[in-house]
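This briefing goes through a single protein chain by topic. The sequence and the structure come first, and the notes follow.

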Amino acid sequence: MRNWKFAMASTILGSALLLGACGSTEETATGSETADSSSDEAVLEGSVTGDGSSTVAPILEGIVEEYAAVQPEVQVTVGVSGTGGGFEKFVQGETAFSNASRPIKEEEIASLEEAGIEYTEFLLAYDGLSVVVNQENDWVEDLTVEDLKKLWVEDGSTKMWSDINPEWPDEEVVFYAPGTASGTYDYFNEVILEEEDIVESATLSEDDNTLVQGIQGDPNAIGFFGYAYYIANQDTLKVVTIDGVEPNPETIESGDYSPLSRPLFTYANNAKIAEDEAAYDFMQFTLENAGQMAEAVGYVPLAEEDYEQGLADLEALK
């Protein structure tokens, strides 16, 4: 398998992926192993479409490229319109699967029921939502949950670093955050903002690479996104500990990195998966390889029995 942490540093997903028979021109490193799929013996043709979370995207980016080597006649397209945007397409029946960095909402469930779409939730990995600052920032090392709320909740004031600690610079804080269609925004809203308005001056984007670039370019910047995006850019960004706990695979898996540890999902359209052999095969390949790819790109894999349960739930759709 490719060195995905290295590859992500320069090529984490753009606006969409389109990798298939002719979509992957990059050669796999000599001696690397392509993960096995139980369907390898069958040569399939077709197309499979998904959309959703940019946080989940690095896992799917790697899986799509690995899958292209196994089933080169299956074209897999994965958009990154955010968790909420992905569910909108899922409800319209446009996609076979929808990636999410938060659980599906009650109103989204109601919309799927109204549309007559049955779905299955699959857990892929764990993430630690990472708060980062510019590398030139030499004053912030740790923030509390209360500090985060004071910084990020709109209260009509101009936010200054000195508001958190009078020894810090009397400089205006520059904010970067995922867009409101993002599951990462929803999660931060729930556990930090507690449903209050985010600071109005924040630059919002569903594209995490835009956030990375913004924080890299301003010494007074702060932002948050999935752990894999921090890992891919750790040479140019500084992660902030939260209540003294740094996000890493151990603290994310144990839950010590609280409250910013969270699960990552994909949701499958039962009918599309059951009726389309290519869609079923790709979903099976995804579940078989999600743990290895999650670890490769900087997330935390599940226990093996959790992936086995996912494969059993998938088989039940046949």
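**Strand β11 and the chain as a whole**

V239 is located in strand β11, which covers residues 237–239. The model is a predicted one. The chain holds 12 helices and 13 strands, and 54% of its 318 residues are buried.

**V239 and its surroundings**

- V239 has a relative accessible area of 10%, so it counts as buried, the cut-off being under 20%.
- Outside its neighbours within four places in sequence, V239 is in contact with S130, V131, V132, Y230, E246 and P247.
- One of these contacts, V131, is 108 residues away from V239 along the chain, yet the two C-alpha atoms are separated by 5.9 Å.

**Chain totals**

- Of the contacts in the chain with a separation of 6 or more, 80% are between residues 24 or more positions apart.
- The exposed area of the chain is about 13700 Å². Carbon and sulfur atoms supply 42% of that area.

**Salt bridges**

- Side chains of opposite charge can pair when their charged atoms come close.
- The whole structure has nine salt bridges.
- One of them joins the side chains of R102 and D186, with an N to O distance of 2.6 Å. R102 sits in the loop between β4 (97–100) and α4 (106–115), and D186 sits in helix α6 (residues 183–193), so this pair ties together parts that are 84 residues apart in sequence.
- Are R102 and D186 buried or exposed? R102 counts as buried because its relative accessibility is 5%. D186, with a relative accessible area of 13%, is buried as well.
- K238 forms a salt bridge with E141, and their closest N and O atoms are 3.2 Å apart. K238 belongs to strand β11, while E141 is in the loop between β6 (130–134) and β7 (142–143), so the pair ties together parts that are 97 residues apart in sequence.
- K238 has a relative accessibility of 17% and therefore counts as buried. Its partner E141 has a relative accessibility of 48% and therefore counts as partly exposed.
- Salt bridges that share partners put R102, K105, E108 and D186 in one network.
- D155 and K159 also form a salt bridge, with the closest N and O atoms 3.2 Å apart. K159 is buried, with a relative accessibility of 5%.

**Helix α6: T184**

- T184 is a residue of helix α6.
- The relative accessible area of T184 is 0%, so T184 is buried.
- Which residues does T184 contact, leaving aside its neighbours within four places in sequence? They are T55, S101, L129, P178, F224, F225 and R262.

**Backbone exceptions**

- Most residues other than glycine have a negative phi, and most peptide bonds are trans.
- The peptide bond from S258 to P259 is cis, and its omega is near 10 degrees. P259 lies in the loop between α9 (249–254) and β13 (261–269).
- E195 is not a glycine, but its phi is positive, at about 70 degrees. It is placed in the loop between α6 and β9 (203–205).
- E195 counts as exposed because its relative accessibility is 59%.
- D243, likewise a residue other than glycine, has a positive phi near 50 degrees. The loop between β12 (241–242) and α9 contains D243.
- D243 has a relative accessible area of 43%, so it is partly exposed.

**Surface charge**

- Which residues form the negative surface patch? The patch consists of E304, E305, D306 and E308.
- E304 is in helix α12, which spans residues 304–315.
- E304 has a relative accessible area of 52% and so is exposed, the cut-off being over 50%.

Terms used
Residues numbered from 1 in each chain as written. Heavy atoms only, no water. Helix = DSSP H or I, 4+ residues; strand = E, 2+ residues; numbered from the N terminus. Buried < 20%, exposed > 50% of the residue type's maximum accessible area, 1.4 Å probe, protein only. Contact = heavy atoms within 4.5 Å. Patch = residues over 30% accessible without salt bridge, like charges linked within 9 Å, V, L, I, M, F, W, Y side chains within 5 Å. Areas by Shrake-Rupley, 256 points an atom, 1.4 Å probe, with all protein chains shown as cover. Salt bridge = Lys/Arg side-chain N within 4 Å of Asp/Glu carboxyl O. Lys, Arg positive; Asp, Glu negative; His and termini not counted. Charge placed at Lys NZ, Arg CZ, Asp CG, Glu CD.
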